Amino acid sequence: MRTRTLLLPWIFVLAACAAEPDPYLIVTSDTHLSNPDGRWPQTVRRFQDFLTELTANPPELLFIVGDVVDNVRSTPDGGPRAGDKAFWAREVQIYKRAQSTLPGTRFLQSLGPGHDYIAPVTLEEAEKAFGARNGSVVWRGRKLIWLTMRTAAFRLDGRNFRNGLSDAEYAWLDRELATAENAILLFHVPLRTDLTFRFGNWPGGLHLTVDPRDRIYPIIDRHAPRIQAIFNGHIHKFIKTTHRGIPLYLCPFYDNGCHCKVHDSGDGLEIKPVDCPQRGAAE
């Protein structure tokens, strides 16, 4: 506080200090920002209204765990299909313009296969538009580590299985976790738990959770004591569950504006779901 605040009665000075909010960040997913002629144009206004509400007390960081843009146009027969590069680029610009609402907030994101990138948009092109597919940043002494899984859905019968990351990416994740005292993991396609398995069914025998044979599981399990929370997305339902004792959250913005406020209370991490319908989706 500035010296001039000492001229106020001490009781009011102390009250003002006590009222200052804890530093916090916001984690959400599946914003699916759409063009006016896209599938869900209402998502843009909802996201813009959300950012405007935050201007009174902006977060230090806002992280979107994949499917930032929708990149889907409706066809005359009502079926969806991916947009072309120009269609996708317009939605990327919608996201970038929205960020100016909170100039002091850092925006980060992992990438969702099938929306943030899908042919003809390559993963490399998505990286140039959004930022690195994998990375880490330190927030309040905690290392936020994000990564981008390439596989959006896995077959329940196990056919055609492939790992979601490359050998180099698994090695990178292992190193990042090994050097983190306290880590938060963020990636779009969720780990498989009882609850994510329950809600992750997809047509054609597919499932929207990471196959248990994926090499990410032993890496996370080995470093579990270092990981304070995991945030996923992909399934459009709020889910609060655990993996190996680690709190695991899905806070999808579509379509209720669900998001999680993550506070550094000084004594630990506090995660508060906001606007997240919790019917049967929390353990």
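Visitor: Which strand gives the most to the lining of the largest pocket?

Guide: A general idea helps here: rolling a probe the size of a water molecule over the atoms shows where empty space is left. In this predicted model, strand E4, residues 80-82, contributes the most to the lining of the largest pocket, with three residues. The volume of that pocket is about 460 Å³. Its lining comprises 22 residues, and those closest to the centre are Arg39, Asp67, His115, Trp202 and His234.

Visitor: How many residues of each class does the lining of the largest pocket have?

Guide: Sorted by class, the lining holds 13 nonpolar, five polar and four charged residues.

Visitor: What is unusual about the backbone of Asp67, given that it is not a glycine?

Guide: Asp67 has a positive phi, about 55°, although the residue is not a glycine. Asp67 sits in the loop between strand E2 (61-65) and strand E3 (72-74). Asp67 is also among the residues closest to the centre of the largest pocket.

Visitor: At what angle do helix H2 and helix H3 pack?

Guide: Helix H2, residues 42-54, packs against helix H3, residues 85-99, at about 20°, and the axes are 10 Å apart. Angles under 35 degrees count as roughly parallel, and H2 and H3 are therefore roughly parallel to each other. The crossing of H2 past H3 is right-handed. On the H2 side the contact is formed by Val44, Phe47, Gln48 and Leu51, and on the H3 side by Ile94, Tyr95 and Ala98. This contact has six nonpolar residues, one polar residue and no charged residues.

Visitor: Which residues make the contact between H3 and H4?

Guide: First, the geometry: H3 and helix H4 (residues 123-130) pack at about 25°, with their axes 11 Å apart. That angle makes H3 roughly parallel to H4. H3, too, passes H4 in a right-handed crossing. H3 supplies Lys85, Trp88, Val92, Tyr95 and Lys96, while H4 supplies Glu125, Ala126, Ala129 and Phe130. By class, the contact of H3 with H4 has six nonpolar, no polar and three charged residues. Tyr95 of H3 takes part in the contact with H2 and also in the contact with H4.

Visitor: Where does a cis peptide bond join Ala119 to another residue, and what is omega there?

Guide: Ala119 and Pro120 are joined by a cis peptide bond, with omega about 10°. Pro120 lies in the loop between strand E5 (106-110) and H4. Another cis peptide bond joins Tyr254 and Asp255, where omega is about 0°. Asp255 belongs to the loop between strand E14 (246-250) and strand E15 (259-264).

Terms used: Residues numbered from 1 in each chain as written. Predicted model: local features only at pLDDT ≥ 70, side-chain atom pairs only at ≥ 80, totals over all residues. Heavy atoms only, no water. Axes fitted to C-alpha atoms, helices over the stretch in contact; angles between N-to-C directions. Helix = DSSP H or I, 4+ residues; strand = E, 2+ residues; numbered from the N terminus. Parallel < 35°, antiparallel > 145°, perpendicular 65-115°, else oblique. Left-handed = near helix turned anticlockwise from the far one by under 90°. Contact = heavy atoms within 4.5 Å. Nonpolar A, V, L, I, M, F, W, Y, C, P; charged D, E, K, R; others polar. 1 Å grid on protein atoms, 1.4 Å probe; cavity = no way out; pocket = protein on both sides within 12 Å on 5 of 7 lines; lining within 4 Å. Points joined across faces, edges and corners; volume = space filled by probe spheres on them.
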